[in-house]
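Dear colleague,

Please find below the structure for your review. My findings follow directly after it.

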Amino acid sequence: VFLDESGVLMAPILRRTWAQRGHTPVLAQRTRSHQKVSIIAVVIVINSSRTRLHLCFRLHPDRNLATPHLVAFLRCFLRHIPGQLVLLWDRFNPHRSAVTTAFLARHPRIHPEFVPPYAPELNPPEYFWSCLKTNSLANFAPSDLQTLTRRTRSLSRSIQHAQALLRSFVLHAPLPLRLK
């Protein structure tokens, strides 16, 4: 299980695009908007078969993720995934908080492991963020937070059902994990 958090801003990530000669593309956007959608996601590799991968995520419009959001996500996550879990995550402050540590102590079937600091390439959800932000949401300039939230949810769900893409996230991370 690989867990990570990220966010999508209202200001678009600009990418090169195509247009007819003489028609410069114009991207209208709201300026000075600091609204965002924070996302917490987990990529799950089922240990017994390793043939199917799962992506679970939760959106938090216009919020910064904190320990209560993380614990609520883990609590929900535990209801749906049986058995022992090895949880790989980075050193984000809520991962190391006293509340999270106490939660993990009450749930011994979760075995947390930290990836080294400054090594996002070891965490498959980082590839999910990259795919979502630089491909799917590139040049997208929403007019309001609700539009950004709907689009982010829709695109995340399409990635959620793309087994080949999820597999590429895990295989691209240089971890000693064999997928079938």
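A residue is called buried here when its relative accessible area is under 20%, exposed when over 50%, and partly exposed in between. By that criterion, buried residues make up 42% of the 180 residues in the protein. Please bear in mind that this is a predicted model.

Overall architecture. The protein contains 6 helices and 5 strands, and from the N terminus on the elements follow the order β-β-β-α-β-α-α-β-α-α-α. Of the contacts between residues at least 6 apart in sequence, 74% join residues at least 24 apart. The protein exposes about 10,600 Å², and carbon and sulfur atoms supply 55% of that area.

Helix H3. This helix spans residues 98-106, and within it Thr100, Phe103 and Leu104 are buried. Seen down the axis of H3, the buried residues fall within an arc of 95°, so they line one face of the helix. On the other side of H3, the residues Ala98, Val99, Ala105 and Arg106 are exposed. The cover over the buried residues of H3 includes H1, strand E4 (85-89), helix H2 (93-96) and strand E5 (110-114).

Phe73. Helix H1, one of the elements named above as cover for H3, comprises residues 67-80 and holds Phe73. Phe73 has a relative accessible area of 5%; because this value is under 20%, the residue counts as buried. Neighbours within four places in sequence aside, Phe73 is in contact with Leu3, Ile40, Ala41, Val42, Cys56, Phe57 and Arg58. For Arg58, which lies 15 residues away along the chain, the C-alpha separation from Phe73 is 7.5 Å.

Ser38. Strand E2 (residues 36-45) contains Ser38. With a relative accessibility of 4%, Ser38 is buried. The contacts of Ser38, again without neighbours within four places in sequence, are Ser6, Gly7, Arg58, Leu59, His60, Arg63, Asn64 and Leu65. Arg58 thus appears among the contacts of Ser38 and among those of Phe73. In addition, the side chain of Ser38 reaches the backbone oxygen of Arg63 at 2.4 Å.

Asp62. This residue is located in the loop between strand E3 (53-61) and H1. What is notable about the backbone of Asp62? Its phi is near 55°, a positive value in a residue other than glycine. Asp62 has a relative accessible area of 41%; because this falls between 20% and 50%, the residue is classed as partly exposed.

With kind regards

Note on methods:
Residues numbered from 1 in each chain as written. Predicted model: local features only at pLDDT ≥ 70, side-chain atom pairs only at ≥ 80, totals over all residues. Heavy atoms only, no water. Helix = DSSP H or I, 4+ residues; strand = E, 2+ residues; numbered from the N terminus. Buried < 20%, exposed > 50% of the residue type's maximum accessible area, 1.4 Å probe, protein only. Contact = heavy atoms within 4.5 Å. Arc of directions from axis to C-beta. Polar contact = N/O pair within 3.5 Å; in protein donor to acceptor, adjacent residues only side chain to side chain. Areas by Shrake-Rupley, 256 points an atom, 1.4 Å probe, with all protein chains shown as cover.
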